[in-house]
Amino acid sequence: MRYLAEFRDPALARRLLDAIIATATRRWAIMEVCGGQTHSIIRNGIDQLLTDQVEFIHGPGCPVCVTPLETIDRALAIAARPEVIFCSFGDMLRVPGSGMDLFMVRARGGDVRVVYSPLDAVRLAEENPDRQVVFFGVGFETTAPANAMAVVTARRRGIDNFSVLVSHVLVPPAMTAVLSSPANRVAAFLAAGHVCTVMGTFQYEPLVATYRVPIVVTGFEPLDLLDGVRHAVEQLEAGRAELANAYPRAVRPAGNPAAREILAEVFTVCDRAWRGIGTIPDSGWRLSAAYRDFDAEVRFDVEGLTVAEPAECRSGEVLQGLVKPPQCPAFGTSCTPRTPLGATMVSAEGACAAYFQFRRLTPAGSRG
Ligand code: SF4
């Protein structure tokens, strides 16, 4: 096997692989929900090791990828204002909007800064009372607690020149959208362990019961993923559909109750547009009415911006497993990580970017 010797515990990897190969009587379509899982699967060649047993469908769980163009354009519009210090994690700075990215705004004189925590942005607001400090709050349930904490801290300290441009998305509604699609081919899910450390596993029970689909929570190490696949294949072959936790060293059924409490206080569920997919009902968070005065969209009046996606991009089909990245005519030609056209190429965690980085010019399992 090409990559097995590079695994942390090659003997355990061998045993897990053998178990999957011995159990699978057919090729199962399994979706890894998170871009971090996708990246690990492709980087470690897990899809190539299990070509005849598993087709990995690369899910929508990359927060940078699914942030819609109009949200990026709203960030650009706010960041270009002279009174604003615009703060973001570094990975959002090179994500293109319809015309430019945050790096270009900075090159043109905008005060765009990389921070390592939303609390750094709160501190900046405290130190610069004559400026408006805006934090770009993007991500899944994993990053939301720190953003909620920043808003609560700003309120407690009476800092009114701080606000957040919120674009949080939620995993279970996206999985529901995948399962509800007439084109759905997903037989089982590998759910993202880091989301479950915050939200717990109980939120997946209705999905398992309604759709009769196995859901296995995994970590991101190659061995974690192999163990998750083993759980999923065993259930599929036995005709069972259960919720399994293959990441118990980090995930508890109830998640992190303190984090969930502050999330419930600061955010409220809303419909959210997902880049490459479209609007999914009840799939995001926005600031609750009690914290609406910290909402940058309202403060800077950029709610109405809308932008169309490039027509040639097939990332919506990639995210549903209908095509693999190399089957898109733009892959590696007009669309590369330097010149991304769509959702799944904009971040290193996107499926198209992972295939490009690791030179997967044909889908695993194809003979081309
Ligand atoms: S290669 Fe680019 S254009 Fe094609 S689906 Fe992926 S992101 Fe879209």
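This short presentation covers the domains, the ligand site and three individual residues of the structure shown above.

Good morning, colleagues. Please keep in mind throughout that this is a predicted model.

I begin with the domain arrangement. The protein is divided into two parts, each built from two stretches of chain: domain 1 comprises 4-62 + 174-245, and domain 2 comprises 65-170 + 255-299. To the contact between them, domain 1 contributes 14 residues and domain 2 contributes 16 residues. The C-alpha centres of domain 1 and domain 2 are 31 Å apart.

Let me now turn to a residue of domain 1, Gln 53. Where does Gln 53 lie? The loop that holds Gln 53 runs between helix H3 (46-49) and strand E2 (54-61). Is Gln 53 buried or exposed? Gln 53 counts as buried, because its relative accessibility is 11%, and the cut-off for burial is under 20%. Leaving aside residues up to four places away in sequence, Gln 53 touches Ile 20, Ile 21, Ala 24, Arg 26, Arg 27 and Trp 28. For one of these partners, Trp 28, I can add a distance: the C-alpha atoms of Gln 53 and Trp 28 are separated by 6.2 Å, although the two residues are 25 residues apart along the chain.

Next, the ligand. The ligand sits in the largest cavity. Which residues are around the ligand? They are Cys 313, Arg 314, Ser 315, Cys 328, Ala 330, Phe 331, Cys 335, Leu 341, Gly 342, Thr 344, Met 345 and Cys 352. By class, this shell consists of eight nonpolar residues, three polar residues and one charged residue. The charged residue is Arg 314, while the polar residues are Ser 315, Gly 342 and Thr 344.

I close with two arginines and their backbone angles. Arg 212 has a phi near 50°, which is a positive value in a residue other than glycine. Arg 212 is placed in the loop that links helix H11 (205-211) to strand E8 (215-218). With a relative accessible area of 55%, Arg 212 is exposed, because the cut-off for that class is over 50%.

The second arginine is Arg 359, where phi is near 55°, again positive in a residue other than glycine. Arg 359 belongs to the segment after helix H16 (351-357). Its relative accessibility is 56%, so Arg 359 also counts as exposed.

Thank you for your attention.

Note on methods. Residues numbered from 1 in each chain as written. Predicted model: local features only at pLDDT ≥ 70, side-chain atom pairs only at ≥ 80, totals over all residues. Heavy atoms only, no water. Helix = DSSP H or I, 4+ residues; strand = E, 2+ residues; numbered from the N terminus. Buried < 20%, exposed > 50% of the residue type's maximum accessible area, 1.4 Å probe, protein only. Near = heavy atom within 4 Å. 1 Å grid on protein atoms, 1.4 Å probe; cavity = no way out; pocket = protein on both sides within 12 Å on 5 of 7 lines; lining within 4 Å. Sits in = over half its atoms within 2 Å of the grid points. Domains from an automatic or database assignment. Contact = heavy atoms within 4.5 Å.
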